[in-house]
Every structure is written in structure tokens, then in C-alpha cells.
Amino acid sequence: MSALVRRLGAPVTSAARDAGGMTLIAWRALRALYPLNIEREELVRAMYKFGYMSLPIVAVTAFFAGGIMVLQAAMYVAQYGAYTFVGWAAGFVTLREMGPLLIGLMFSGRVGANNAAELATMTITEQVDALRVLAIDPFRYLVVPRLFAMIVMLFCLTAIGDLVAIGGGALIARLVLGIEFRLFFDSVSAMVVMGDLTIGLVKSAVFGLAIGVVSSHFGLTVKGGARGVGHAVNACVVGNAILIFVVDYFITALGT
Amino acid sequence: MIALTQLLGAQTIWLFEQFLGLRSLFWRTVASLLRRRFRRSEVIEHAYNFANKSLLFLFVTMGFVGMIMVFQACFQAQRLLGDMTLIGPAFLQLVIREFAPTIGGLMIATRVGAGIAAEIGSMNVTEQIDALRMNGADPVDHLVAPRILAGVVTMLSLGIFGALFMFLVGGVTAKAAFSVPYSTFFNMGLIKPLDVMSFLNKCVVYGFVIPLVAAHAGFVARGGSEGVGSATTRSVIECSLWILMFDLGIGAFYFILQRAIG
Amino acid sequence: MIRFEHIKKSFGEKVVLDDVSFDIPKGRVQFVIGMSGTGKSVLMKHLVGLLKPDSGDVWLDGENITRLTEREFYRVRKKCGMVFQHSTLFDSMTILENIAMPIRKHFALDSKAANARAMEALELVHLGKEAKRLPPELGAGVRKRAAIARALALKPDYLIYDEPTTALDPIAARRIDGLIREMSDKTGVTSLVVSHDVRSIFAISDSVAFLYRSKLQFLGTPAELKATTDPIVKQFINGLSQGPIT
């Protein structure tokens, strides 16, 4: 009986420990905002690495996201002749839902996983302890700048991605449905309200925070050698995916 | 600007190299599958592992996507049409055509693909794969073929379960938040044979692609624990990109097919 | 001066340090020796707050540092440098950046001045030529030198070397020995060397503490160590497989 309880309880306690650790990271990071206390150099470095280097992958993802949504809408357009629907799909669905979601997942896979792997490697090779011995707070030096870089860069990347997604939608609409670009853009501007764009971008910033917190947590709490690094990366991408969907749900429920 | 061009160029070359490597691995796998040079028990074992590992994760994520989509759809329908009778069937259609296979595929790429890359990657850097070859065992027969078959089985079964679960969660959400009666929501009237075919087609292709790309990422891993880490990371990204690419391709194919049939 | 007073530390069931007390006066090259797993590195980590004792006190320059918080320890760590067993340089930075980064943080210097001072530190350990290289490209001996330079650049009063010669070939090991002595003589830094390399002990140490089965078995000068009649210590320094140590 007690063995059963322990077996059922183990995932609960470990989930609670993870949740507690992540909350602590988020709280300590927030405290760095006032008084403003962020390592400038590290921030710039992280922004370049996370943002600029992810540009191609985000562009490709956004292109597909826009294209796929228009294609799905096209089925109904062909059926019911509702051409305005295309603009709704490309505009509303992509900008508000699928764009931030897919770009967030990609960012998690690339930047979040990378960050977790790097922090995990630094932890198991004692590089984090080396920082402490050099009297440098690893949290201030490693976690805070990267966390804020992720928030800012995912926001910017999603903004760029939105443009690419509309372009992808336009191209697919032209190729598959034969809708002229002009008509497409008219439809988009008629169907999209500023709120869709804003909510999509707000979401992406929150996703950035989630990815930063999750990847830092799993990176810094790594146990046991090279295998541990693999586990940390895996736990990080899985945790991120769950958190992204949960956050998305709550923002959607609050926003509508 | 020059730097950006360079970055894009480097990424293009990298993508092309990946493509060449993947192509050769693809043909070797097909040959291995056709000649049936793999152990059937291993396929079952892998499928069991893959599916069990991802079931809970998949249900959680799919459930949330279902809630989000129904929320949005009901809200928009309320605003634009004032009528929510079509929400259920249209949602099911979208789930089957798009969300179940694609979101499901992305999640399985995250859970299973990363695992395959880490496993084969660490076998690679610890020279276990060389040891296999020294013993006359072909790594493709031994490691890749069974995982790919298991991937197809997993993707098909989890895709179906995921779609059902999403539909169920959607129905409950519509009832709870917008009081759409269950009898109106759970209606399969809009589903056509082509929708089901595109669903199955996507599942099979993703199930094949995820282990293939992940195994390839593992085979090209270099240099210790960091190599394993980067192989794992890369496999998630590459699998996701291939899934999105095939999603668009297969979607376009079925759209044209549907239009040709009428 | 460093003083360990009745330090006890266990990890779970395993007792690693049991009532260890001794003093380390300033300016010395103090060796802490013993077999693998006898808690030498654990003892040193108490000094910089990477570990805390279960009971007992650690004194540094007359201040009890045992119960300091992580934040308060940053002050102590500026006084105590540490050279890790695997050197533990930051892989993503060049050798020069590795050394300049902490300088920049602690002395509020701009990067130009910090780089100049880092270069000085590198010259001190005879590594000026390798400044622009990345750690993974270099040999273990060179990385060790860079790690020593990084620790010294903060001008610590005490410098802890965790098994400085363990992973090195014999030639590199003797060169690091020489460097430890040289740094101690040149900068006056008190060196604490955790080691089980018997040749280093007789080459450069002023004083030796020998830990055995989590207790302090011997404390004295190298000459006293050589003349000891304790069978356990004798077996260790002569590297014999037969004897009281099993």
C-alpha cells in the first residue's frame, strides 16, 4: 500500500518541486527589473544569439503556418464560395493563434533546448561553481540576461514572423486558389483587427518568459553526467510544450 | 545585410547537406524494410515504448489545443454568424485534416524524436555503432528500420486517439462555455472519405519522417556529451520543419484532389 | 590565517570529515593530501562556501565564516580564489575573456583596462601567446595555467588548488608545481594544494596535512613527513600496496 502511494506520489512531488523552482526563478528575475539590474553585455550577446540566429527558422515556420491556414480555409472557400474567409484564416487564426504557437514551439526547440543544454553542461562540468567561486552570482550572470533576451527576441521574431506568415498565406492563396494578391490583402485588412495582432504578440512575450524559466530550471537542476544533459534537454522541451499550450489557453480564455 | 545574406546562405547549404544525408538514409531504410531484415519483436517493443512515453503528454497538449480552438471558433461564430450549429462538425473536420496529425506530430517529434536522437547520438559518440558494424550488424537494419515501423504504428494509433480526445474536449468546452448541446456538437456529418484519407496519409508520413530525421541527427552527432545535446536539439527542429513542410504539401495535394473530384 | 575547528561533514550515511581541526598561517604553500575520497576537496569547498559543515567552524582572518549566507560569501570568495580540478574555464570565451570577465565585474573597469590587466595575469603564468585561443583547443596543462591566472587576477589572499596535477602528464605536472611555488613567492598568496601527488609534496610544500578515513592523521613539514614512523603515512608516501591501509 505504502509502495503504491509512493509510486503515485513521486510524480506529484517532483512536479511540485519543478513548479516551485520555476516560480522562484521567475520571481528572482522580476526582482532584477526594479532596481534595474541586468548584465548589459550578456543581454546583448544573448539577444544576438537567440534572436538573430533563429531568424531563418522562424521565417520558414511562419511561412508554413500562414500557408497551411490558408489551405485549410481554402477547402471551405471552394465549398461555399466565401472568399472573405481566406483573410480570416490568414489574419485572425495565424496572427492570433497558430503563428505565435508554432513560432513559440520552434523557439523552444531551438533556443530553449540549447539554453538548457548549455546550462546543464556548465553545471555538470562545475562551470557554474567556478562562477560562484569567482564571486559572480550565476543567477544574475547566466539566468537573468538570457531570460529577458528570450522575452524580447520571441516578441520581435513573432512580429517579423507575422509579416512572413501573411506573405506565405498570400502566396498559397495565389497558387492554390488563384486569389489575386490585392484581393487577399484587402480581405486580410478587412478581417483583422488590431487586437488580434496585439494578443498574438503579448502571447509570444509570455511564451518567451515560460521558455526562459523552464529551460533555466531544467538546465540548472541537472543530475548525473552526460546522460543527465540529454534528460534535461528532453524535460525542457516537453515542459515547454505543455506550458505553452496551458498559457495559450488561459490568455485565450481571458482575452475573449 | 551582408551578414544576414551569409546567414541565409549558410543555412541553405546546411539544409541541402541534411537533405543529401537524409536521402541516402531513406533509401537504405526502404531497402532494409523491403528485404525485411529487422526483428519484428523489436518493432513491437519500440512502439510500446514510444506510445506509452507520449500518451499523457499528447493528451494534455491536444486537450488544450482543443479547448483553445473551440473557444476561438465559438467566439468568432457568435460574432460573425450568430449560429453555432456547424461548430462541432467543422471543428471535427479541422481536427482530422489538420490539428490532430500536425500538432500530434509536432508533439511526438518533441517527445519521441528527441529520445531517438539522444539514444542513437550517445551510441554514436561512445563508438557503440562502430562496434555494431564490426560485428557485421548493419546499423540501419538494427537501429533505424524497427524504429521507423514503430514510429508509423505509434503515429497512427496516437493520431486517432488524439483526434478523438480533442473532439471530446472540444465538445465539453463548447457545452461548458457556450452551452452548445452535445447532440449538436458531436456530429460527423461533414467528414468525407478524403478527409480521413488525408489524416491517415499525414500520420503515416510523419510516423516515417520523425524517426528517420531523428536517427540521422543521431548518426551525425560528434564529440562527447555536447554532441549528444546538440543532436537532440537539432532533431526537434528538423523533425518539426519536415512535418510542417509535409503538412503543406499533403494538404495542397488533397485540396487539388478534392477539387478535381468535384 | 585559516582555521578549521572540529569540522564534521557527512553525505547521507557516509561520514567524509570527522572532527578535523588545523591552522594554516599566511604565506605558506600548504598541502592537504590523502587517498581519493577522503574529503580533501570537500574540506576546501567549505572555505569558499560551496559546502557547509554539519558542525564545527571555519575561520578566515579572524572572522567566523561558517554561517554566512550565499550573498555574504561573495565577499569571502574575493579573498579566496580556487583552481578547479578540471580547470573549468568557460568554454564559450577565449582565454583572455575568461580572465577579463571577472576582473571587469569586480574592479569596475572598462573592457580595455580589464583586458590589459588580464594580459598581465597571463604573462605572469607565461601564457601571453595563447590569449586568443578557446579552451577546448588547448592542452590540459595550458588550461590549468589559464585557470591559475584567472584566480590570481582577482588578487586573492588565498588560492586553493584542487588536485592541480592529477590529470596532467609528468612534465606538465612538474611545470605546474613550479608555477604554484613561483606564484606564492612572487605574489605572497597563501596556497592550499589538495593533492595525492607525492612528488609535488616534496618539491614545493611548506607544510602537509594528511587526511585518512575522514580524520587528520598527520600535520607537519615535508621533512617531518619523510621521517615519520606512522605506518599509514609511510605506506601512502611510498605508494606501497601492502600495509595497514587496505
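**Entry 1: chain B overall**

I counted 8 helices and 0 strands in chain B. This is a predicted model, and I read it as such throughout. Along the sequence, chain B follows the pattern α-α-α-α-α-α-α-α. I looked up its extent next: the C-alpha trace spans about 65 × 55 × 40 Å along its principal axes. Chain B has 262 residues, and 54% of them count as buried. I then took the contacts in chain B with a separation of 6 or more; residues 24 or more positions apart account for 85% of these.

**Entry 2: chain B against chain A**

How many residues of chain B are in contact with chain A? I found 51 from chain B, set against 49 residues of chain A. The size of an interface is often given as the accessible area lost when the parts come together. Here chain B and chain A bury about 4,700 Å² between them. Carbon and sulfur atoms carry 78% of that area. I asked which three residues supply more than any other three on the chain B side. They are Gln72(B), Leu248(B) and Phe255(B), with 13% of the area that chain B buries against chain A.

**Entry 3: a helix pair in chain A**

Two packed helices are described by the angle between their axes and the distance between the axes. I looked up H1(A), residues 2–31, and H8(A), residues 194–220. They pack at an angle of about 120°, and their axes are 9 Å apart. The crossing of H1(A) past H8(A) is right-handed. On the H1(A) side, the contact is made by Arg17(A), Asp18(A), Gly21(A), Met22(A), Ile25(A) and Ala26(A). H8(A) brings Val213(A), Val214(A), Ser216(A), His217(A) and Phe218(A). I sorted this contact by class: 6 residues are nonpolar, 3 are polar and 2 are charged.

**Entry 4: two spots around H4 of chain A**

I went to Ser108(A), which sits in helix H4 of chain A. Is Ser108(A) buried or exposed? Its relative accessible area is 3%, so Ser108(A) is buried. Leaving out residues up to four places away in sequence, Ser108(A) touches Ala113(A), Ile211(A), Val237(A), Asn240(A) and Ile244(A).

Then I checked the loop between helix H4 (84–124) and helix H5 (127–133) of chain A, where Glu126(A) is found. Most residues other than glycine have a negative phi. Glu126(A) has a positive one, near 65°.

**Entry 5: the open sheet of chain C**

I moved to chain C. Here 4 strands form an open sheet in the order S2-S1-S4-S5, with antiparallel pairing. Which strands are at the edges? They are S2(C), residues 14–24, and S5(C), residues 63–64, and each pairs on one side only. S4(C), residues 55–60, pairs with S5(C) over 2 bridges in the antiparallel sense. The bridge partner of Leu60(C) in S5(C) is Glu63(C).

A helix lies across this sheet. H1(C), residues 40–47, crosses over S1(C), S2(C) and S4(C), and runs at about 120° to S1(C). I checked how covered H1(C) is: 8 of its 8 residues are buried. Among them are Lys40(C), Lys45(C) and His46(C), along with Val42(C), Leu43(C) and Met44(C). Just after H1(C), Gly49(C) takes a positive phi of about 75°.

**Entry 6: strand S3 of chain C**

S3(C) covers residues 29–34, and 6 of its 6 residues are buried. In a regular strand the side chains alternate between the two faces of the sheet. I looked at which residues point which way. Val29(C), Phe31(C) and Ile33(C) point one way from S3(C), while Gln30(C), Val32(C) and Gly34(C) point the other way.

Which strands pair with S3(C)? One is S8(C), residues 190–195, in the parallel sense over 5 bridges. In that pairing, Ile33(C) has Ser195(C) as its bridge partner. Another is S9(C), residues 207–212, also parallel and over 5 bridges. There, Gln30(C) stands opposite Ser207(C).

**Entry 7: a loop serine in chain C**

I ended at Ser87(C), in the loop between strand S6 (80–83) and helix H3 (95–107) of chain C. Its phi is positive, about 65°, although Ser87(C) is not a glycine. I also looked up its accessibility. The relative value is 4%, so Ser87(C) counts as buried.

Terms used
Residues numbered from 1 in each chain as written. Chains lettered and ligands numbered in written order. Predicted model: local features only at pLDDT ≥ 70, side-chain atom pairs only at ≥ 80, totals over all residues. Heavy atoms only, no water. Axes fitted to C-alpha atoms, helices over the stretch in contact; angles between N-to-C directions. Left-handed = near helix turned anticlockwise from the far one by under 90°. Contact = heavy atoms within 4.5 Å. Nonpolar A, V, L, I, M, F, W, Y, C, P; charged D, E, K, R; others polar. Buried < 20%, exposed > 50% of the residue type's maximum accessible area, 1.4 Å probe, protein only. Pairing = 2+ DSSP bridges. Buried area = accessible area lost by both parts, 1.4 Å probe.
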